[in-house]
Amino acid sequence: MAPQGKVYRGSVKEFPGFDASQDAEALYNAMKGFGSDKEAILDLITSRSNKQRVEICQAYKSLYGKDLIADLKYELTGKFERLIVSLMRPPAYSDAKEIKDAIAGTREEDDVVSEDLVEQDAKDLLEAGELKWGTDEAQFIYILGRRSKQHLRLVFDEYLKISGKPIERSIRGELSGDFEKLMLAVVKCVRSTAEYFAERLYKAMKGLGTRDNTLIRIMVSRSEIDMLDIREVFRTKYEKSLYNMIKEDTSGEYKKALLKLCGGDDDAAGEFFPEAAQVAYRMWELSAVAKVELRGTVQPAGSFYDDGDAQVLRKAMKGLGTDEGAIIEVLTQRSNAQRQQILKAYKAHYGRDLMADLKSELSGSLAKLILGLMLTPAQYDAKQLKKAVEVTATLVGPAFST
């Protein structure tokens, strides 16, 4: 139903007398054997609402143990295939994919350093801001959004040399509002990605209350990439371990899950020397420019058995109450690729959607954290992008709302 006061006037509406299993069977028959009945596929899918199409996908999986979208991709080709597959996706998925596709490929690889362009980029940034009446924001977007991190580090050094001030000070003086915050975040992330995330984590837990969405987003997205680096910088910068700050700022099973993703307590490693650690980290960072080495706290489980994990999870959610500890123990100790295998094994073994069961059994921040872990990195990034765009659209006003 449309929100109160708003009337939808779409050309596609709910199909009366809808039967998901019957439609799933019709689509299966349309793709069975040699060739496919494209007309039957077209007529059926374009006459069902998106909500009904999602139910058809679920029924198809239950009836035939196959992914309907995968079968449609196999049977169809070209623009027709793209259209039909897009219709089968939930609106949120399609929107997120469009956002992700729109921003894909803007930055050069880290091993790309255009030495001839370093001086020119520094001059262009100076002329776009300090030396210009007003600010050429497009130039900032082009250079900071396109060049490799290593190239930009050299540009920042050159900028300091020719302007006498760091790029951050110029950005604060020339830009404002959300655009200023965005450019400062890009610069900070370029200088040190680990330091950027360490600072975000600290601010999320500093003072009264916790910004759980920020905490969850970083712990989920960086746990297999560079959480060890983030931990090192966090301990150096704030003279306190990330582990202990999480321990003091959160509670219950949510805390237990976050600590598992954190992977260890740096305060327990003995006396700490901030200056030496900072130098050591910088040396590692410079040596890793040519080849990125993942230093996550979550690694693939050695003796992995997807069906066994699926059974443990089902047992943890079956009956009265939920064994949250068992769920945390399994899912925080498996890589994302292994979690995807567990999802499939759970569906094959029980005919149930693990994500739906987890959503039903868990609540609050723990549910957000666990469900975030179960998404693929691309799905998780797309979801976060969509949230950010929705918030922006709300702030900007009705011109961007649907």
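Select Arg222 to begin: this residue is buried, with a relative accessible area of 16% (buried means under 20% relative accessible area, exposed over 50%, and partly exposed in between, with a 1.4 Å probe and protein chains only). Arg222 belongs to helix α13; helices (H or I, at least four residues) and strands (E, at least two) are DSSP runs, numbered from the N terminus. Display its contacts, meaning heavy atoms within 4.5 Å: Arg222 touches Thr193, Phe197, Met227 and Ile230, not counting residues up to four places away in sequence.

The model on screen is predicted, so that local features need pLDDT of at least 70 and side-chain atom pairs count only at pLDDT 80 or more, while totals for chains, interfaces and linings use all residues. Residues are numbered from 1 along each chain as its sequence is written, and side-chain values use heavy atoms, with hydrogens and water left out.

**Confidence**

Colour the chain by pLDDT, the predictor's confidence in each residue, from 0 to 100. The protein chain averages 84, and 85% of the residues score at least 70. Confidence is highest in α1, at a mean of 95, and lowest in α17, at 48. Residues 270-281 have a pLDDT below 50, and beyond near neighbours in sequence this stretch has eleven contacts in the model. Residues 394-402 also fall below 50; that stretch has two contacts in the model beyond near neighbours in sequence.

**The nonpolar cores**

Next, select Met219 and Leu358. These are the residues with the most contacts inside the largest nonpolar core, which has 52 residues. A nonpolar core is a set of buried Ala, Val, Leu, Ile, Met, Phe, Trp, Tyr and Cys residues joined through side-chain atoms within 4.5 Å. Helix α22 (residues 364-374) supplies the largest share of this core, seven residues. Domain 3 (193-289) and domain 4 (306-395) both give residues to the core, so it lies between them; the domain bounds come from an automatic or database domain assignment.

Keep Met219 selected and show its surroundings. Not counting residues up to four places away in sequence, Met219 touches Leu201, Met227, Leu242, Ile246, Leu258, Leu261 and Cys262. Apart from the largest core lies another, of 21 residues, among them Val155, Leu175, Leu184 and Val187.

**Helix α16 and two positive phi angles**

Move to α16, whose buried residues are Tyr254, Ala257, Leu258, Leu259, Leu261 and Cys262. What covers these buried residues includes α13, α14, α15, α19 (324-331) and α22. Gly263 follows α16 and has a positive phi, near 90°.

For the second such angle, select Glu239, which has a positive phi of about 50° although it is not a glycine. Glu239 is found in the loop between α14 and α15 (242-249), and at 59% relative accessibility it counts as exposed.

**Salt bridges**

Now display the salt bridges, each a side-chain nitrogen of Lys or Arg within 4 Å of a carboxyl oxygen of Asp or Glu. By this rule the count comes to 21.

- Select Asp23 and Arg48, whose closest N and O atoms are 2.6 Å apart in a salt bridge. Asp23 lies in helix α1 (residues 20-31) and Arg48 in the loop between α2 (38-45) and α3 (50-64), so the pair ties together parts that are 25 residues apart in sequence. Both Asp23 and Arg48 are buried.
- Select Arg339 and Glu224, whose side chains meet in a salt bridge at 3.8 Å, N to O. Arg339 is in helix α20 (residues 336-350) and Glu224 in the loop between α13 (212-222) and α14 (227-238), so this pair ties together parts that are 115 residues apart in sequence. Arg339 is buried at 2% relative accessibility, whereas Glu224 is partly exposed, with a relative accessible area of 24%.
- Select Arg231 and Asp266, a salt bridge with the closest N and O atoms 3.0 Å apart. Arg231 lies in helix α14 and Asp266 in the loop between α16 (252-262) and α17 (274-287), so the pair ties together parts that are 35 residues apart in sequence. Arg231 counts as buried at 9% relative accessibility, and Asp266 counts as buried at 16%.
- Select Lys188, Glu199 and Lys203, which are joined into one network by salt bridges that share partners.

**Cysteines**

Finally, how many disulfides are there? The count is zero, a disulfide being a pair of cysteine sulfur atoms within 2.5 Å. Cys57 is buried at 18% relative accessibility, and Cys189 is buried at 18%.
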